Amino acid sequence: MLKKKMGVSLILVWLAVAVLGGCGNGDKNTITFWTPLTGDDGAYMDQLVKDYNATDPEYKVKHVITSDMYTKISTVLNSGKGVPDLSIIHADRVPSFVKQGVLEPMTTVMQAQPELKEDNYLPQAWATGNVEGTQYTVPLDIHSNAMYYNKNLLKKYNVESFLDDDVVTIEEILSLQGKLDEGDYVVNDALLGWVVLAQIQNLGGDIEQDGKPAVNTEAMKQALTEIKKISDAGLMTPFGEDGYLMFQAGNVLFSTDGTWSSTAHASVEGLDFGVTNIYSTSADTFTNRASSHLFSMLKNEKRTDEKEQAIGQFLEFIREHSIEWAKAGQIVASKQVIESPDYDSYIQSFFTSNDKEIESLYIYTYEYYPYVAEAVDTYAGDIVRGNVDIDETLVTMQKFVEDKIAEGNSGAK
């Protein structure tokens, strides 16, 4: 029995050594690429990676998808083992990652591929990765809040003129009070937090002042108050109902979801829809709250200069061929792609159709933006529905963010 146990143990040890050895040999000429891109997004990125690997590069790319990527990033950075060669992170992660010293500048990569430069990308997407003059990321896309409209309902209620200037105002929305059939609504509450943050920019406000969070502000109060008018008038889909699905069912004129939702809407039989900007407090200005997927390199002492040059080759391939990524409903960051005739067939090309549209794509880069966004997402619905007092809740929201910052700083010591 003892010999049998020893034999089994030796076999397990041998297998472990063989597997680890195989992984090491495989990683030598492999770019391990982590992304949080699940669902269809992951499939489209898989295809891009497959297309790149089909060019027979010296270093092939291995795409690893995980929904809890940021948790795993924290784990591997703390251990120093298993750090990926390349990853995609969201724009709001850049400031804190740079502050923590966990991002490698893209300097070597950009030197190896001179077309990976600011002039070749949408300005906001590129600027998001630049901290104090150092470029830490190369952008893949901008993914934005968008407002889809039901063409049949606009015609039914004779309000197609709302789209004449590409800016639907809250005043125009309110003009439909008492004019809709039972069960129909003007707008849903999809991505309501994003809509609130857009209105803050429309009103000339911001979410930070001198590096400190600015949540309990007049701009925040006014933004929420203006949106609340729509709910008070009975023109917003009911609290607790799935306004996104109600739009797809043909009962909502406008849906304030994301550019990436276009693929799902397109799959709904009989849904004749288009896209425009998020509604605004004024016809003179409009903002589409946005974010960006960014290629980045986490600190990794085992990443060689040769591998960084290979990463550059992959990113240059993406810059030239990311029309595939447009299929996911994203606003591709590469100017070469968005300026090509093929890109015009994608509905999100609306957001890069002119300079004013491009400028409307607003990416928050405040270090503590994630906490502000969490506070808005947590409390905005109840404020807009009139379930809570706005002034008291703004105080709560401010404290919510300040407490999160304090917890984070405490944990970092």
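Hi everyone, let me start with one residue: Ile318 has a relative accessibility of 3%, so it counts as buried, where buried means under 20% relative accessible area with a 1.4 Å probe and protein chains only. Before going on, a word on where this comes from: this is a predicted model, in which local features need pLDDT of at least 70 and side-chain atom pairs count only at pLDDT 80 or more, while totals for chains, interfaces and linings use all residues. Residues are numbered from 1 along each chain as its sequence is written, and side-chain values use heavy atoms, with hydrogens and water left out.

Back to our residue. Ile318 sits in helix α13; helices here are DSSP runs of H or I with at least four residues, numbered from the N terminus. Setting aside residues up to four places away in sequence, Ile318 touches Leu48, Leu140 and Phe295, contact being heavy atoms within 4.5 Å. By comparison, Gly178 is 140 residues apart from Ile318 along the chain, and their C-alpha atoms are separated by 50 Å.

Now the helix itself. How far should the 17 residues of α13 span at 1.5 Å a residue? The expected span is 24 Å, and the end C-alpha atoms are 24 Å apart, which agrees; the rule is 1.5 Å times one less than the number of residues. Buried residues of α13 include Lys307, Glu308, Phe314, Leu315 and Arg319.

Next, the cores. A nonpolar core is a set of buried Ala, Val, Leu, Ile, Met, Phe, Trp, Tyr and Cys residues joined through side-chain atoms within 4.5 Å. The largest one has 69 residues, and Phe33, Met45, Leu86, Phe295, Phe314 and Leu315 touch the most other members. Helix α13, residues 305-321, gives the most to this core, with six residues. There is also a second, separate core of 52 residues, with Val186, Val215, Met236 and Met397 among them.

A neighbour of α13 next: Gln113 lies in the loop between α5 (107-112) and α6 (123-127). Its relative accessible area is 17%, so Gln113 is buried. Beyond four places in sequence, Gln113 is in contact with Gly312, Gln313 and Glu316.

Last, a helix pair. Helix α9 (residues 192-202) and helix α17 (residues 369-384) pack at about 105°, with axes 8 Å apart. They are therefore roughly perpendicular, the class for 65 to 115 degrees. Among the contact residues are Leu192 and Val196 of α9, and Tyr369 and Val376 of α17.

Thanks for listening!

Terms used
Buried < 20%, exposed > 50% of the residue type's maximum accessible area, 1.4 Å probe, protein only. Helix = DSSP H or I, 4+ residues; strand = E, 2+ residues; numbered from the N terminus. Axes fitted to C-alpha atoms, helices over the stretch in contact; angles between N-to-C directions. Parallel < 35°, antiparallel > 145°, perpendicular 65-115°, else oblique.
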